[in-house]
Amino acid sequence: MPFGISIWELMILLIVLLLIFGAKRLPEMGRSLGKGMREFKDSVTGVEEAVSMETTTTTAPTPKRVELPSATSEPATPVGEPEARTERETVT
């Protein structure tokens with residue numbers, strides 16, 4: 001038997017459950033447990049399908065072309081105005 005439970009132990013467990021919950025309540029509990037497990041399985045497979053569908057349908061965005069200033073272009077600051085200090089420059 002699975003999990004190391006013998007037939008006798010299983011029978012004693014079922015009799016105890018029958019005495020505690022009754023004959024009417026046990027089938028209801030079994031149905032609700034089965035329904036909960038089914039819903040959990042469906043939600044897990046639904047998430048997996050959504051993730052796989054999302055990865056197959058999305059495409060990488062086209063990178064935009066950025067033009068960098070060349071060395072021969074005009075300076076960014078007009079003549080006569082102080083240049084902005086960069087992080088590398090330190091004032092002592």
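A residue is called buried here when its relative accessible area is under 20%, exposed when over 50%, and partly exposed in between (1.4 Å probe, protein chains only). The model is a predicted one, so to speak of local features takes pLDDT of at least 70, side-chain atom pairs count only at pLDDT 80 or more, and totals for chains, interfaces and linings use all residues. Side-chain values rest on heavy atoms, with hydrogens and water left out, and numbering starts from 1 along each chain as its sequence is written.

On the whole-protein level, 0% of the 92 residues count as buried. The protein exposes about 9,600 Å² (Shrake-Rupley, 1.4 Å probe, with only the protein chains shown as cover for residues), and carbon and sulfur atoms supply 64% of that area. The fold has two helices and zero strands, taken as DSSP runs numbered from the N terminus (H or I, at least four residues, for helices; E, at least two, for strands).

Helix α1 covers residues 7–21 and includes L10. Its 15 residues should span 21 Å at 1.5 Å a residue (times one less than the residue count), and the end C-alpha atoms are indeed 21 Å apart. After α1 comes G22, with a positive phi near 90°. L10 is partly exposed, at 32% relative accessibility. It also joins F3, I5, I7, M11, L13 and L14 in a nonpolar surface patch of about 710 Å²; patch members have over 30% relative accessible area and no salt bridge, with nonpolar side chains (Val, Leu, Ile, Met, Phe, Trp, Tyr) joined within 5 Å and like charges within 9 Å.

As for charge pairing, the structure holds one salt bridge (Lys or Arg side-chain nitrogen within 4 Å of an Asp or Glu carboxyl oxygen). R25 pairs with E28, the closest N and O atoms being 3.4 Å apart. Both sit in helix α2 (residues 25–57), three residues apart, so about one helical turn separates them. R25 is partly exposed at 43%, and E28 likewise at 40%.
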